[in-house]
Amino acid sequence: IFAAVEMAPRDPILGLNEAFNADTRSEKVNLGVGVYYDDNGKIPLLGAVRAAEKARLEAQPPRGYQPIEGPAAYNGAVQNLLFGKDSALIANAQVVTVEALGGTGALKVGADYLKRLLPGATVYISDPSWENHRALFESAGFPVDTYAYYDAATRGVNFTGMKTSLEAAPAGSIIVLHACCHNPTGADLSDAQWNEVVDACRARGLVPFLDMAYQGFADGIDADAVAVRAFSASGLQFFVSSSFSKSFSLYGERVGALTIVTAGKDESARVLSQVKRVIRTNYSNPPIHGGAVVAAVLNSAELRQEWETELAGMRDRIRAMRTGLVDQLKAAGATQDFSFVAKQRGMFSYTGLSAAQVERLRAEFGIYAVSTGRICLAALNSKNIGYVAQAIAAVTKG
Ligand code: PLP
Ligand code: TYF
C-alpha cells in the first residue's frame with residue numbers, strides 16, 4: 001500500500017531546524033524558527049511556570065479525563081486575557097472558549113467547525129502569512145486566497161490594498177487576521193486601522209478569525225489585545241485562536257485555546273456543543289499539564305505578577321536586540337538602511353534579504369534564516385549579535 005507514496009514537502013521553517021542541527025560549525029546561529037531564546041541562547045523555563053509545576057507535582061493530582069472543552073479555570077483565564085476581566089461579552093455569556101493543542105490546534109478545531117458551519121466559504125489569509133495558515137485551512141477543506149498586506153517599499157502594511165481586498169471578498173468569507181506581532185513581517189495595523197477592518201468586516205458580512213500567538217510580545221497584554229477589543233466592541237461574531245507557546249515558553253506542552261464570540265447565551269450553548277463534537281472526534285479531550293500550569297499562574301495574583309514581569313523581560317530583550325542589530329549593522333559598514341528593524345513588532349523581521357543572500361548566510365556563516373528573508377530577533381543575544389550583523393552587512397554590500 002505504500003509503494004506509490006510520494007515524499008511530502010518539509011515544513012519550510014521546521015525543516016530548517018534539521019539542517020541547523022546537522023551543521024557542525026560552532027559559530028552557527030538559528031534565526032529560522034520562531035522561538036524565544038534567552039541571552040544564553042536557551043529556551044527559558046519561566047519562574048512562574050516552575051512554581052506552578054512544583055505545586056502541581058507536590059499535590060499529586062489524579063489523572064482522570066478532562067472535560068472535552070478543558071477546565072473552566074483555564075478557559076475563564078483565557079477569556080480574561082483576551083477581553084479584559086470586566087468585559088460585557090463575558091458577563092453576557094457571549095463567549096465560548098475551549099482548550100486546544102496550541103495555537104495550531106485552536107486554528108484546526110476552529111477551521112473544522114467552520115467547515116461544517118460555512119461549507120462553501122473561501123478563507124483569506126494575509127499576503128504573506130505564517131506558512132501553516134494556508135495548509136491548515138486547506139486541510140480543513142477550504143479554498144484559501146490572500147488579501148493584500150505587506151508593502152515591501154515601506155516595509156509596513158499596504159492598508160489601502162488590504163481594505164480593497166476585504167471589500168472585494170464575497171460575503172461569508174473567513175478572514176484570518178494576525179491579532180498582533182504579524183508573522184512573518186513584523187508589520188502591525190494601527191488602532192485606527194483595526195477599527196476600519198472591523199467596519200469592512202461588518203459591511204461585507206465577513207467572518208473574522210483572529211490569530212493571537214504573541215500576546216504580550218509587542219507592547220503588553222492589554223495593548224496587544226487591541227484587535228480583539230475592537231472586534232469585541234463591534235457587536236460582530238468572530239473567532240480567536242490563542243497560543244501560550246511563546247508567552248509562557250511552553251512550546252512542547254501544546255497549550256492554546258479557541259474562543260468564539262456569539263450573539264448570546266443560548267447561541268453559546270449550541271455553538272459549544274458543536275465544537276465539542278469536533279474535539280471529541282479528533283482527540284477527545286485535552287492533556288492536563290500545560291493548561292493546568294497556565295491556569296494556576298493566571299489565577300494566582302502572585303504568580304501572575306511574576307509572569308507579567310518575565311513576559312516584559314522577554315519583550316524588552318527582543319526590543320534591545322532590534323535596536324542593537326540596527327546599531328551593529330551600521331557599525332559593520334552596512335550600505336543599506338536597516339532602521340526599519342527597530343520599528344517592526346514581535347519576534348520577526350522581514351529583512352528584505354533575498355533567497356540568494358539567505359543562502360550565503362547559511363553557506364558562508366552558518367546563519368540560518370527563512371528563504372523569504374524572515375529572521376527571528378529572539379534568537380539574537382549579546383554573544384552572537386555582532387557576528388550576525390557582520391554577516392548580514394557582508395551579504396548585503398554592493
Ligand atoms: N499562529 C501564528 C501566527 C504563529 O506564528 C504560530 C507559531 O507557532 C502559531 C499560530 C502556532 O502556535 P503553536 O505553536 O502554539 O501551535
Ligand atoms: O513561524 C514560526 O517560526 C513559529 C513556529 O509549522 C512554527 O510559528 C513554525 C512552523 C510550524 C509550526 C510552528
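**View 1. Helix α3 lies across three strands of the predicted model.** In this predicted model, helix α3, which covers residues 72-83, lies across β2, β9 (238-243) and β10 (255-261). With respect to β2, the helix runs at about 110 degrees.

**View 2. An open sheet is formed by 7 strands.** The order of the strands in this open sheet is β2-β10-β9-β8-β7-β3-β4, and their pairing is mixed. The edge strands are β2 (95-101) and β4 (144-148), each of which pairs on one side only. When direction is ignored, neighbouring strands of the sheet are turned by 25 degrees against each other on average.

**View 3. Strand β7 is joined by bridges to β3 and to β8.** Strand β3 (residues 123-127) and strand β7 (residues 174-178) run parallel and are joined by 2 bridges, and Tyr 124 has Ile 175 in β7 as its bridge partner. Strands β7 and β8 also run parallel, and 5 bridges join them. Here Ile 175 stands opposite Pro 208 in β8, and with both pairs in view the reader can follow a path from Tyr 124 to Ile 175 and on to Pro 208.

**View 4. Strand β8 is largely enclosed by the rest of the structure.** In a regular strand, the side chains alternate between the two faces of the sheet. In β8, Val 207, Phe 209 and Asp 211 point one way, while Pro 208, Leu 210 and Met 212 point the other way, and all are buried. Because 6 of the 6 residues of this strand (residues 207-212) are buried, β8 is described as largely enclosed.

**View 5. Twelve named positions, from Gly 34 to Gly 256, are found around ligand 1.** The residues around the ligand are Gly 34, Gly 102, Gly 103, Thr 104, Trp 130, His 178, Asn 183, Asp 211, Ala 213, Ser 243, Ser 245 and Gly 256. Helix α5 (residues 102-117) gives the most to this shell, with 3 residues. Sorted by class, the shell has 2 nonpolar, 9 polar and 1 charged residues. Asp 211, one of the residues around ligand 1, is also one of the buried residues of β8.

**View 6. Thr 24 is found in the loop between α1 (14-22) and β1 (29-30).** This residue is exposed, because 6 other C-beta atoms lie within 10 Å, and a residue counts as exposed at 12 or fewer. Although Thr 24 and Gly 366 are 342 residues apart along the chain, their C-alpha atoms are separated by 9.0 Å.

**View 7. Ser 284 is found in the loop between α10 (265-280) and α11 (289-298).** Ser 284 is exposed, with 10 other C-beta atoms within 10 Å. From C-alpha to C-alpha, Ser 284 and Cys 181 are 32 Å apart in space, and in sequence they are 103 residues apart.

**View 8. The whole chain, with its 14 helices and 13 strands, sets the close-up views in context.** Along its principal axes, the C-alpha trace spans about 65 × 55 × 55 Å. A compact globule of 398 residues would have a radius of gyration near 21 Å, and the chain, with 21 Å, agrees with this. Buried residues make up 46% of the 398 residues. Among contacts between residues at least 6 apart in sequence, 75% join residues at least 24 apart.

Note on methods:
Residues are numbered from 1 along each chain as its sequence is written. Chains are lettered from A and ligands numbered from 1 in the order in which they are written. This is a predicted model: local features need pLDDT of at least 70, side-chain atom pairs count only at pLDDT 80 or more; totals for chains, interfaces and linings use all residues. Two strands pair if DSSP finds at least two bridges between them. Helices (H or I, at least four residues) and strands (E, at least two) are DSSP runs, numbered from the N terminus. Axes are lines fitted to C-alpha atoms, for helices over the stretch in contact, and angles run from 0 to 180 degrees between N-to-C directions. Two residues are in contact if their C-beta atoms, placed from the backbone, lie within 7 Å. The radius of gyration is taken over C-alpha atoms; the globule rule is 2.2 Å times the number of residues to the power 0.38. A residue is buried if 20 or more other C-beta atoms lie within 10 Å of its own, exposed if 12 or fewer, and partly exposed in between; C-beta atoms are placed from the backbone. A residue is near a molecule or strand if its C-beta atom, placed from the backbone, lies within 6 Å of it. Ala, Val, Leu, Ile, Met, Phe, Trp, Tyr, Cys and Pro count as nonpolar, Asp, Glu, Lys and Arg as charged, and the others, Gly among them, as polar.
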